[in-house]
Structure formats: structure tokens, C-alpha cells
Amino acid sequence: MELREVEIFLVLTEELHFGRTAQRLYLSQPRISQTIRSLEDRLGGRLFERSTRRVALTALGERLRDELRPAHDHFRRAVLVATDLARGVSGELRVCVASYAMAGPWFTQIIRTFEERHPNCRLTIVEEYPAPYGRLHTGTYHLMCHRQPIVEPGLTVGPTLSQEGRILLVRAGHPLAERGYATIEDLADCAVIPRGDIPQAMYDAYFPPTTPSGRPIRRGAQISSTSDILHRIARDQLVHPTTASFLSYYHHPEVTGVPLHGEPPAESALVWATDFENAAIRAFAAVAAEIVNLDNTSC
């Protein structure tokens, strides 16, 4: 078996979906299907049971997965360790922020300090909303700034980037803006963004399906970007639970924020794929922990 075949097989055992496997590996779905059929022909047995509704591993598929996974993980770690020793903190480090509000108020200082200390490492910052964790597993991004809770196999949750009180973004002149505060109970009279590609655990924490009294919270139209959220709020189509720093990075003249009472602070953190950890990731995480802790100590 070739290494690419092993990767396709193992990712499919995790996703159990040909389309998601193709997206995660940046391959076409026919390529995934063709590779699996070729493996099954060479091995002489079916690895997956397929139907129009589900994909499931056969007993042969389970045995092959269990035999291949440790060897594949060991191979990837060996390559990463060797690369780490050869390069040190160099090359390129790609950091994704789902939104700059998730990166926290010290993010610019973290970037500046990292670049001063590690001039041989080229830092690339990309904003992608929503930012699915799959981009970490494929190596598209090395690090991600994301809201807690982060619940995903194969990820390491690093230092905390921020802890902030929550606010609710509403249209200027909205009754909640006039009142000066909001609660989760108020969301039953509004609409919030649909989940889309937002990780389930985080979505449930910020956009519960019902209020504490059991009233349903409506989902609005699908959104395409952070600016799209603002424009829909201004048109009174949405309200948006977030943090105060959101308004430091994004602004609309007809959108304002009010405190969201009764909710715990929102926490964001650095996260990366455990198997891809390297010297540059560790160095960036160390700088982030140092800067955030320094600022908290001075406060």
C-alpha cells in the first residue's frame, strides 16, 4: 500500500462519509471511491459496507484500521521530529482565526513578539469563518484561535487567549438596546445564526436550541462571513451572542452591543493537531502563554 492510500483509508474510517473524506483531503470524491475499490480488489475483501444512507466498516476494515493506525501515526511523528530537529523554529507557520474576537485583545502583541524572536519563521494569519477543525488535521493551518469548548479527537488545546464577558449584538434602536441588557430568555423573540460548519460543542454553548424556560430559539438564514452577520443584524434579521472585543475588530454604524446577563465568561484558546506539533507551534504557544499571563499579572 502507498502512503496516500493509507491516508485515504484511515480518514474514511474516521469520517465514514466519502464526501467529507474528499473535502478533508482536498481530493475528488471519485478519487476516494476509486482508491478504496482498488484496495479492496488487491486485498480480496470488502473494507466498507456502503448504502445510500450510511458507510460502515466491515470486520476486515476494522482489523486493517487497527493494524495500520499505530504504524501511520509513528511514521508521521518520525517525519515531524526529524523536520523539527533540522529546521528548528523556521519555515512557515499558518495561523487561522475564526474571527479576530476569538484571537483576543493581546493577539497583535503575541504576533509582534513571535516575529521578533523567530525571524526565520514566516507567519501567515488567515481569517476564515467558520473555521472547521479539519483544516488542522490536513495541515492547511498549523494553529487556530477558537472558542471553547473545543471537543475534537486528535487536537491539543493550548494556552488560553482570552476570557471575556458576553454581549448580545442587536440593531441600534432595538428594544433590547433601549433596555440596556439582554438574557438568553430574550433570544426566543429573535433569531440567531444557524450552525453551518461551526463545531457542535461550541455552537451549543453560544446558541442553545431553547431558552431556560424551554422556548425555542429560531435560526436565521445561512451566513457567509462576519460582515454578513453585521449586515443582517442591522436589518433586524438576527441578534448575535458574542464578546465585547468583537466590536473592537468589526463595526457597523447600525449595530450595537448590550451585556448578556447570566452567562459565564467566554474563553478562547490556541488549538493544533497533535500529530503535526512542531517547534514553531510550541514557540508560538509559549509566546501566547507568556503575553497573556504577563497582562493578567499586571492587571
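Here are some worked exercises on the predicted model shown above.

**Exercise 1: The overall frame**

Task: Find how many helices and strands the chain has, how far its C-alpha trace spans, and what share of its residues count as buried.

Solution.
- Start with the secondary structure: there are 12 helices and 12 strands in the chain.
- Next, take the extent along the principal axes, where the C-alpha trace spans about 70 × 50 × 30 Å.
- Finally, check burial: the chain has 299 residues, and 47% of them count as buried.

**Exercise 2: The largest pocket**

Task: Work out what volume the largest pocket has, which residues lie nearest its centre, and which element gives the largest share of its lining.

Solution.
- Volume comes out at about 870 Å³ for the largest pocket.
- Its lining is made up of 36 residues, with Arg76, His137, Thr138, Asp275 and Phe276 nearest the centre.
- Now go by element: H1, helix H2 (18-25), helix H4 (59-87), strand E3 (91-97) and helix H12 (279-298) each give two or more residues to this lining.
- H4 has the largest share, with 10 residues.
- Sorted by class, the lining of the largest pocket holds 13 nonpolar, 10 polar and 13 charged residues.

**Exercise 3: The second largest pocket**

Task: Do the second largest pocket in the same way: what is its volume, which residues lie nearest its centre, and how does its lining divide by class?

Solution.
- The volume of the second largest pocket is about 590 Å³.
- Count 20 lining residues here; Glu15, Arg20, Pro132, Tyr133 and Gly134 are the ones nearest the centre.
- At least two lining residues each come from H2 and from helix H7 (134-137).
- H2 also turned up among the elements lining the largest pocket.
- The class split for the second largest pocket is six nonpolar, six polar and eight charged residues.

**Exercise 4: Closed spaces inside**

Task: Say how many cavities of 30 Å³ or more there are, then describe the lining of the largest cavity.

Solution.
- Rolling a probe the size of a water molecule over the atoms shows where empty space is left.
- The count of cavities of 30 Å³ or more is three.
- Inside the largest cavity there is about 130 Å³ of space.
- Around the largest cavity sit 15 lining residues, and Met102, Tyr129, Met202, His240 and Thr242 lie nearest its centre.
- Two or more lining residues come from each of helix H5 (100-103), helix H9 (200-206), helix H10 (226-234) and strand E10 (240-243).
- Strand E10 gives the most, with three residues.
- As for chemistry, the lining of the largest cavity has 10 nonpolar residues, four polar ones and one charged one.

**Exercise 5: Odd spots in the backbone**

Task: Locate the cis peptide bond, then place Tyr26 and Asp236, whose phi is positive.

Solution.
- Keep the background in mind: most residues other than glycine have a negative phi, and most peptide bonds are trans.
- The bond from Gln148 to Pro149 is cis, its omega being near 0 degrees.
- Pro149 sits in the loop between strand E5 (143-147) and strand E6 (155-164).
- Tyr26 isn't a glycine, yet its phi is positive at about 55 degrees.
- You'll find Tyr26 in the loop between H2 and helix H3 (29-43).
- Asp236, not a glycine either, has a positive phi of about 65 degrees.
- The loop holding Asp236 runs between H10 and E10.

**Exercise 6: Buried, partly exposed or exposed?**

Task: Class Tyr26, Asp236, Leu3 and Pro253 by relative accessible area.

Solution.
- Exposed takes over 50%, and buried means under 20%.
- Tyr26 has 47% relative accessibility, so it is partly exposed.
- Asp236 has a relative accessible area of 42%, so it is partly exposed too.
- Leu3 is also partly exposed, because its relative accessibility is 39%.
- Leu3 belongs to helix H1 (residues 3-15) and forms a nonpolar surface patch with Phe75 and Val79, with about 250 Å² of accessible area together.
- Pro253 has 68%, so it counts as exposed.
- Pro253 lies in the loop between helix H11 (246-249) and strand E11 (255-259).
- From Pro253 to Leu230, 23 residues apart along the chain, the C-alpha separation is 9.6 Å.

Notes:
Residues are numbered from 1 along each chain as its sequence is written. This is a predicted model: local features need pLDDT of at least 70, side-chain atom pairs count only at pLDDT 80 or more; totals for chains, interfaces and linings use all residues. Side-chain values use heavy atoms; hydrogens and water are left out. Patches are made of residues with over 30% relative accessible area and no salt bridge: like charges are joined within 9 Å, nonpolar side chains (Val, Leu, Ile, Met, Phe, Trp, Tyr) within 5 Å. Accessible areas come from the Shrake-Rupley method with a 1.4 Å probe; for residues, only the protein chains shown count as cover. A salt bridge is a side-chain nitrogen of Lys or Arg within 4 Å of a carboxyl oxygen of Asp or Glu. Helices (H or I, at least four residues) and strands (E, at least two) are DSSP runs, numbered from the N terminus. Buried means under 20% relative accessible area, exposed over 50%, partly exposed in between (1.4 Å probe, protein chains only). On a 1 Å grid over the protein atoms alone, a cavity is a set of points where a 1.4 Å probe fits but cannot get out, and a pocket is an open set with protein on both sides within 12 Å along at least five of seven lines; lining residues have an atom within 4 Å of a point. Grid points are joined across faces, edges and corners, and a volume is the space filled by probe spheres set on the points. Ala, Val, Leu, Ile, Met, Phe, Trp, Tyr, Cys and Pro count as nonpolar, Asp, Glu, Lys and Arg as charged, and the others, Gly among them, as polar.
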